[in-house]
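Hi,

Here is the structure I promised to pass on to you. Have a look at it first, and then read on for what I found.

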Amino acid sequence: MDDLAAVAALNDPVRRELYRFVTSKGRPVGRNEAAEAVGVARPLAAFHLDKLVEAGLLEADFARLTDKKGPGSGRPAKVYRRAPGEHVVSVPPRDYRTLALVLAEVVDLLGGDEVAEKAAHRIGARLGAESAATSLPGLLAERGYEPYDDDGVLRLRNCPFHVLAEEQPLLVCSMNLSLCRGLLEGRGEPGAPRLDPLPGECCVVFPQEISKTNQS
Amino acid sequence: MHLAQFNVAHMRAPVDDPLLTEFVAALEPVNTLADAAPGFVWRAIANPDDPEETITHEFGDHLLINYSIWESRETLWNFVYRSAHLAILQRRREWFHRVAEPYTVMWWVREGEIPSFKEAWHRLTLLREQGPSPDAFTFKEFYEPNGDRG
């Protein structure tokens with residue numbers, strides 16, 4: 001399925017809500033849970049979840065959702081999670097990714113990571129300063145980081161620079177950290193985001209007290 | 001098949017120099033992290049009784065070597081770039097010289113096989129002299145065990 005068709009599969013509002021719910025969990029989600037969260041009947045949720053799988057946006061699997069084992073534990077339930085892969089649609093066509101990959105390689109070859117980090121910090125500060133009307137989690141969500149609270153810190157479920165971070169992890173993760181520090185500084189907020197990567201997530205975490213003040 | 005990785009780092013000073021104090025202090029926690037990481041198989045240890053001792057070798061002065069074996073590309077990647085190891089890696093310029101030639105090499109080994117240091121050095125040389133191939137490759141230019149480009 002092409003990118004346009006994949007993105008177009010999100011046109012239905014119920015489907016979009018289901019997609020948002022599943023991807024916000026960071027773990028496989030069953031049909032009942034998804035139906036309840038979105039407030040639709042289970043068969044309707046199942047229909048849309050399977051459409052999202054067809055579109056390549058979610059992945060389906062079977063898992064036991066309870067710890068019960070043996071007779072009476074029931075058959076495994078169908079569960080959904082975000083599919084790997086990404087879909088970009090630009091009208092008219094634009095390709096910033098290829099150029100970004102080239103530039104990242106140039107920075108690496110020139111040994112220019114410190115300069116790149118400073119530039120990322122400056123741009124972060126500018127974006128931060130322009131974001132006064134939005135909460136920090138709101139700003140991070142807008143920028144595609146998918147922030148969530150995790151026992152004392154604000155973690156970021158999604159790496160918005162994924163392809164680049166796979167290609168040049170050291171450069172891109174350092175630039176991302178600088179960008180995040182700049183964001184906070186530009187907003188005039190204290191605290192220092194730090195590197196604390198988890199497999200499959202963004203490499204940066206924000207201290208919690210900051211997220212608290214902004215959520216109120 | 002398991003994935004062997006060998007890398008060398010050119011220290012800015014002898015390992016007992018104050019410049020490297022923080023790096024040396026990070027060795028034990030980072031090695032403990034590696035030992036417990038999913039997919040970790042083996043790593044070269046200089047002295048089981050002293051986690052801060054570095055491996056002695058004949059490949060050059062001020063050269064820190066690191067040699068380990070992992071179950072897969074993904075498990076090695078997750079340790080190197082998706083764990084607390086990343087923050088150490090990010091500070092590499094404080095402790096190590098920038099080098100233009102490749103300083104890390106990977107290759108596939110049979111499960112249970114631990115190639116010698118000489119073999120590891122040979123793989124790095126191969127990468128430096130002939131570029132990435134199924135016999136000596138990198139994360140960026142990766143080869144599967146069957147020789148396909150990853």
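Before anything else, keep in mind that this is a predicted model.

Let's begin with the contacts inside chain A. If you take the contacts between residues at least 6 apart in sequence, 61% of them join residues at least 24 apart. Chain A has 216 residues, and buried ones make up 33% of them. You can count 10 helices and 7 strands in chain A, and its C-alpha trace spans about 60 × 40 × 35 Å along the principal axes.

The domain assignment splits chain A into domain 1, covering 3-82, and domain 2, covering 96-215. Between the C-alpha centres of these two domains there are 29 Å.

Now zoom in on helix α3 of chain A, residues 31-38. Which of its residues are buried? They are A:Arg31, A:Ala34, A:Ala35 and A:Val38. These four sit on the same side of α3(A), because the arc they cover around the axis is only 100°. And what covers them? Among the elements that do are α2 (13-25), β1 (29-30), α4 (42-54) and β3 (77-82), which belong to chain A too. Right after α3(A) you will come to A:Gly39, which has a positive phi, near 80°.

Next, try finding two other helices in chain A: α6 (residues 113-129) and α9 (residues 169-186). How do they pack? Their axes are 6 Å apart and make an angle of about 35°. The crossing of α6(A) past α9(A) is right-handed. If you sort the residues in this contact by class, you get 12 nonpolar, 7 polar and 6 charged.

Finally, there is chain B to look at. How many residues does each chain put into the contact between them? Chain A gives 11 residues and chain B gives 10. Helix α9 of chain A turns up again here: with 4 residues, it supplies the largest share of chain A's side. By class, that side of chain A has 8 nonpolar residues, 2 polar ones and 1 charged one. So that you can connect the two parts of the picture, look at α9(A) once more: this helix packs with α6(A) and also contributes to the side of chain A that touches chain B.

Have fun turning it around on the screen!

Cheers

Terms used: Residues numbered from 1 in each chain as written. Chains lettered and ligands numbered in written order. Predicted model: local features only at pLDDT ≥ 70, side-chain atom pairs only at ≥ 80, totals over all residues. Domains from an automatic or database assignment. Buried ≥ 20, exposed ≤ 12 C-beta atoms within 10 Å, placed from the backbone. Contact = placed C-beta atoms within 7 Å. Nonpolar A, V, L, I, M, F, W, Y, C, P; charged D, E, K, R; others polar. Axes fitted to C-alpha atoms, helices over the stretch in contact; angles between N-to-C directions. Left-handed = near helix turned anticlockwise from the far one by under 90°. Arc of directions from axis to C-beta.
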